[in-house]
Amino acid sequence: MLAVVGLLLLAVLWGALGYRAFASGVDEANARLPKNAKAQLAKRDRSLLSEPTTVLVVGTDGGRRPGRADANRSDSLLLMHLDPGTHRISYLSIPRDLRVEIPGYGSSKINAANQIGGPALTLATVKALTGLPIDHVVVVDFDGFEELIDAIGGIEVNVPKAILSNRFDCPYKPKRCADWEGWRFEKGVQHMDGRRALVYSRIRTNQLDPSDSDITRGNRQQIVADAVGNEIASFGTFLRLPFMGGDLAAPLATDLSAWELAQLGWVRFRSGSSLRCRLGGEPTTIGGESLLLGSEDNVAVISMWLGRTAPLAPPKGTLYGAGCTRR
């Protein structure tokens, strides 16, 4: 009995130390989110443990590397719907080349909203596109994405098929890069650090499978997001939390408090299934710019994503079709 009580007290103390370190980092992440972005979020006073929650994750193409200092487009837009009642997490990927109405600026690719007006305009644009309120937002750039995954010790990713990417961000010196074919990922479960996970999430062309596109990479981003959630909610991360709790939030800008993030972690831990959806459209060129004209199916997909209708997979034989699949 004494041993059990001692272990319980130790676990509580360890958790309190970890939470304190984590909360300190989250306070700084809250300060990094612009006030006008917070104003775009839905006002809610209910617990995340009892009501469905919608979170927009914005991955920007900025960073400290050469050529990235002034970049601020949304390279990835991922909506997450967490429902504690059904114990399900639903992901909805929005293609960055999707042509939409950006409030106050006319029609353009959706990724331009963040370059023009930061997270606030991105939130306004996504709300106008989906017709839905958004409860919370998380923003991270390329460097921050790598740092977050490295902070949790990397992630385990089950790669569904072999990939040989197009040639981008060669990791070698120029002479070797001349003969470099691209990034390779073998089929199966593999451990990825932040750099590999970022590359895997960004691949738009698979030389081994012409059906891969900018649309299908959304599935890879959802796989990585799922893997990050698994690792953050793991027992190993709990053990390391007092030492690296602050590092988890350091790369982020968000309105979520430490307690709200903890609640989301619990909902994530208890989730038994996931739904992976994507918006789609028809590729075209307007004014010399390649973009995607939204599909009529996108409205139905949003309904599937919210759990209002049964999910339907993207039509077979289409590279840019909209739809949902269960996992």
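**A tour from the disulfides outward**

Begin by selecting Cys 170 and Cys 177, which form a disulfide with their sulfur atoms 1.9 Å apart; bear in mind throughout that this is a predicted model. Viewed along the S-S bond, the link of Cys 170 and Cys 177 is left-handed, with an angle of -95° about that bond. Colour the two residues by accessibility next: Cys 170 is partly exposed, at a relative accessible area of 25%, whereas Cys 177 counts as buried because its relative accessibility is 13%, and the cut-off for buried is under 20%.

Now move to Cys 277 and Cys 324, whose sulfur atoms lie 2.1 Å apart in a disulfide, and whose link is right-handed, with 110° about the S-S bond. This pair links distant parts of the chain, with Cys 277 in strand β12 (residues 273-278) and Cys 324 in strand β15 (residues 323-326), 47 residues apart. Both Cys 277 and Cys 324 are buried. The count comes to 2 disulfides, and with bonded cysteines counted along the chain they follow the pattern 1-2, 3-4.

For the surface, select Leu 49, Trp 266 and Phe 269, which make a nonpolar patch of about 330 Å². Leu 49 lies in the loop between α2 (35-38) and β1 (53-60), and is partly exposed, with a relative accessible area of 39%.

Finally, zoom out to the protein chain, where 10 helices and 15 strands can be displayed and the C-alpha trace spans about 70 × 50 × 40 Å along its principal axes. Of the 327 residues, 51% count as buried, while the chain exposes about 16100 Å², 57% of it supplied by carbon and sulfur atoms.

Terms used. Residues are numbered from 1 along each chain as its sequence is written. This is a predicted model: local features need pLDDT of at least 70, side-chain atom pairs count only at pLDDT 80 or more; totals for chains, interfaces and linings use all residues. Side-chain values use heavy atoms; hydrogens and water are left out. Patches are made of residues with over 30% relative accessible area and no salt bridge: like charges are joined within 9 Å, nonpolar side chains (Val, Leu, Ile, Met, Phe, Trp, Tyr) within 5 Å. Accessible areas come from the Shrake-Rupley method with a 1.4 Å probe; for residues, only the protein chains shown count as cover. A salt bridge is a side-chain nitrogen of Lys or Arg within 4 Å of a carboxyl oxygen of Asp or Glu. Helices (H or I, at least four residues) and strands (E, at least two) are DSSP runs, numbered from the N terminus. Buried means under 20% relative accessible area, exposed over 50%, partly exposed in between (1.4 Å probe, protein chains only). A disulfide is a pair of cysteine sulfur atoms within 2.5 Å.
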